[in-house]
Amino acid sequence: MEGNLVEAAVVINYKKTMKKIIILSILFISIVGYSQSTTNNTEYKKRVLETAEVDIISSFYTQDGDNAAVTGGIGTEELKDIATNFVVSIPLNDDDVFTIDATISAYTSASSSNLDPFDVSSASSDDSDSDNKSSTTNYQNLATNAASPWVESSGASKADVWTSLNLSYSHSSDDRNTILGANVSFAKEYDYTSIGVGGSFTKLFNEKNTEIGLKANIYLDNWSPVYPTELDSYLDDNQNLNDGHFENVDILDQNGNTIDKNGANVWSPFKNTLVDNNSRNTYSVSFSLSQILSKKSQISIFFDLVQQDGWLANPMQRVYFSDRDNYYIGNPSSISNYTSPTNTDVFQLADDIERLPDSRFKLPIGIRFNQYINESVSLRTYYRYYYDDWGVQSSTAEIELPIKISDTFTLYPSYRYYTQTAADYFAPFEQHTSTEEFYTSDYDLSEFNSSQIGFGFSYTDIFAKRKVWKLGLKSIDVKYNSYKRNTGLKAGIISAGFKFVMD
Amino acid sequence: MIKKISLLLLSICSLTSCVVVKEYEKVYLNDPDMLLSSKKSNKFETSFQVYREAASGANGGKSGGGCGCN
């Protein structure tokens, strides 16, 4: 009897699935058929994209500073990143374009290496729990105590690779006044996975002098959290300081004295639960309005409405409370020197990971204004105001002055100024108290301003005479940007972009 | 806040009554440097700013989601 019921349920499910497939197939065939018939009825129209295009962009980024979030707002922020992006745009017919956008980005980071500051093992460690970066610790090294927020550890969390793939499709109407688009995306890094879908609608009118755009995206992201090693190990070892990670390791108090691990005053994390909701979803709607002002100037305004839900804090980032006792592993004589970059051999055990609200609403509004000054010089300007309900407000102002020095070469000097207020939940190292509900010492959420100076050049050959295989080189863009924040962070990025068109 | 946004949108909308520029008059506007969006080659520049700053969006790019940042 039970078997028959299961069989019947399977048959019903199968029928439902088949029905959906048939309906979707009919819909798809109808759309394609309609698209074909409208194409045939038109005598001539310019293709949206004449031929396939390939864009390759590579960049090298480096930064350094003294406020690493992984070590609670102090420590080295040294980071290097190499990234490459491939974009292939393929015209499917006169009206439709399919685009493949793939990126790979690989970094090495001193601060994220200090997820496990005691780690001298490599990513190829044969630790049986190798699915967790912080658990590949060579425990013997923990006993040798050579760890500090200012020294890079050599464990698995020192490096990571982020990959992403975005597929998009766009359809333009015969009069080219309506453009519909859809996209799906997937991104993956060690502790984070993202799946996104989106759609867009663009309408041009007023003899293509006015353009409005509407775009919606949903990202369904997921953490595979990794934690600061002492917090993770403490919970893994059943909160026993005489076992596992902490076995035969001396824990020191603020005065540098070794504590009695069986006594009343011992180190323990503030909370015994870590990430309890792995999801992080983002819903965004973007509006844009562009207007031609004259034969030589045009303006555009954009604004986004963004809602994020889920685990919005970074589980790798430590927080230290001012109202809890401090405990260390390492050289007792270096404790008094803990916050100085000269400290190379003592590490403070974390009180907790950062905790932030599970919801965030963002409202950025941007304006772009471009003016063609003369045959040699144009002016590109951008301003953005940003507000969110975590207490952050920011302004961004950017100016670029493209200067054509010949038919093929253009120079791009630029300047960008950025300022933001601190999030309500930010406080520096050891300045939070355990009575707060939310806390972070991530300086990316602190009050700061930054300046960015850039210089680039481009080479353009509209006839794409230089060939690589079947691809003609249409342009090369090279740019360097130097970024300085008043918190001490310095960064530099050099990028090179190559545009090819298919013969 | 809402008032300011509405005012700004109204101001921009009122610009649609400007003189209409015909297709054959758009030679300057069609210059690649006059593009009303961030350039493709700025992709990674925008990406590091999204990581290092609390604000993002309203520039034609991502405004959150897709990475463990922001």
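Trainee: How many helices and strands does chain A have?

Mentor: Chain A of this predicted model has four helices and 22 strands.

Trainee: And what share of chain A is buried?

Mentor: Of the 503 residues in chain A, 37% are buried. As for contacts in chain A with a separation of 6 or more, 66% of them are between residues 24 or more positions apart.

Trainee: Let me pick one helix. Why is helix α4 of chain A described as largely enclosed by the rest of the structure?

Mentor: Helix α4 covers residues 229-236 of chain A, and six of its eight residues are buried, so the helix is largely enclosed by the rest of the structure.

Trainee: Which residues of α4(A) are buried?

Mentor: They are Thr229(A), Glu230(A), Leu231(A), Asp232(A), Ser233(A) and Tyr234(A).

Trainee: What do the buried residues of α4(A) pack against?

Mentor: Their packing partner is strand β13 of chain A, residues 352-353. After the helix comes Asn238(A), which has a positive phi, near 55°.

Trainee: Moving on to the cores. How many residues are in the largest nonpolar core?

Mentor: The largest nonpolar core has 46 residues, and Val319(A), Tyr328(A), Ala423(A) and Tyr425(A) have the most contacts inside it. Several elements of chain A supply at least two residues each, including α4, β9 (297-310) and β15 (378-388). The largest share comes from β9(A), with three residues.

Trainee: Is there a second core, and which residues does it include? I mean the one of eight residues.

Mentor: That second core is separate, and among its eight residues are Ile57(A), Tyr61(A), Tyr483(A) and Ile493(A).

Trainee: Back to Ala423(A) for a moment. Which residues does it touch?

Mentor: Leaving aside residues up to four places away in sequence, Ala423(A) touches Trp390(A), Gly391(A), Val392(A) and Leu445(A), as well as Ala54(B).

Trainee: That last one is in chain B. How many residues does each chain give to the contact?

Mentor: Chain A gives 70 residues and chain B gives 38. On the side of chain B that touches chain A, the elements giving two or more residues are α1 (2-14) and α2 (43-52) of chain B. The most comes from α2(B), which gives five residues.

Trainee: What classes of residue make up that side of chain B?

Mentor: The side of chain B that touches chain A has 18 nonpolar, eleven polar and nine charged residues.

Trainee: What is the mean pLDDT of chain B?

Mentor: Chain B has a mean pLDDT of 78, with 60% of its residues at 70 or more. Where pLDDT is low, the predicted coordinates should not be read in detail. The model scores ipTM 0.84 and pTM 0.85.

Conventions. Residues are numbered from 1 along each chain as its sequence is written. Chains are lettered from A and ligands numbered from 1 in the order in which they are written. This is a predicted model: local features need pLDDT of at least 70, side-chain atom pairs count only at pLDDT 80 or more; totals for chains, interfaces and linings use all residues. Two residues are in contact if their C-beta atoms, placed from the backbone, lie within 7 Å. Ala, Val, Leu, Ile, Met, Phe, Trp, Tyr, Cys and Pro count as nonpolar, Asp, Glu, Lys and Arg as charged, and the others, Gly among them, as polar. A residue is buried if 20 or more other C-beta atoms lie within 10 Å of its own, exposed if 12 or fewer, and partly exposed in between; C-beta atoms are placed from the backbone. pLDDT is the predictor's confidence in each residue, from 0 to 100. A nonpolar core is a set of buried Ala, Val, Leu, Ile, Met, Phe, Trp, Tyr and Cys residues joined through C-beta atoms within 7 Å.
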